[in-house]
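Me: Please take a close look at the sheet in this structure. How are the strands ordered and paired, and what packs on the sheet?

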Amino acid sequence: MLELALALAFLLLILAGLADYGRALSARIALIHAAREGAFFAAANPNDLQGARERVRQEAAAVGIVLSDSDITVQVPSGSDRLGHPVLVTVRTSIPTLFARLLGVSQIPVTAQATAPMLVR
């Protein structure tokens with residue numbers, strides 16, 4: 001009976017870890033989509049970086065992730081011949097854990113990046 005109790009506790013700990021990992025992975029996929037949307041917007045509107053950040057925030061908010069301006073970085077190439085050069089959008093946030101808190105891990109950092117080629121000069 002003791003062996004069953006120990007094995008069951010170990011299996012529940014593994015399941016709890018998988019749940020937190022799944023939440024972090026789901027958040028990363030959502031942030032990748034949000035960063036991609038922001039990169040496409042910035043590639044078409046290189047002078048409206050705040051609009052690109054807003055686009056990223058809207059996409060992330062659709063799945064329940066709240067972002068601030070400090071979480072979003074938009075890098076647009078400079079110079080006169082920007083056509084085709086990549087726009088880079090990076091999104092960083094932390095996802096609170098549900099079960100890993102028992103082990104002392106309260107948040108999981110999540111980062112996503114996306115690029116898009118400049119569509120205007």
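Reply:

**The sheet and its helices**

In this predicted model, 3 strands make up an open sheet with antiparallel pairing, and their order is β1-β2-β3. The edge positions belong to β1 (72-75) and β3 (107-117); each has a single partner strand, so one side of each is left without a neighbour in the sheet. On average, neighbouring strands of the sheet are turned by 10° against each other, direction ignored.

Now the pairings in turn. Strands of a sheet pair through backbone hydrogen bonds, in either a parallel or an antiparallel manner. Here β2 (residues 86-96) pairs with β3 in the antiparallel sense, over 11 bridges. Within this pairing, R92 stands opposite T111 in β3, and L88 has T115 of β3 as its bridge partner. The pairing between β1 and β2 is also antiparallel and runs over 4 bridges. There, V74 stands opposite V89 in β2.

Two helices remain to be placed against the strands. Helix α1 (residues 2-44) packs on the sheet and touches β1, β2 and β3. The direction of α1 makes about 30° with that of β3. Helix α2 (residues 49-61) also packs on the sheet, where it touches β1 and β2. For α2, the angle between its direction and that of β1 is about 140°.

To put the parts together: β2 pairs with β3 over 11 bridges and with β1 over 4 bridges, and both α1 and α2 pack on the sheet.

How values were computed:
Residues numbered from 1 in each chain as written. Predicted model: local features only at pLDDT ≥ 70, side-chain atom pairs only at ≥ 80, totals over all residues. Heavy atoms only, no water. Pairing = 2+ DSSP bridges. Axes fitted to C-alpha atoms, helices over the stretch in contact; angles between N-to-C directions. Contact = heavy atoms within 4.5 Å.
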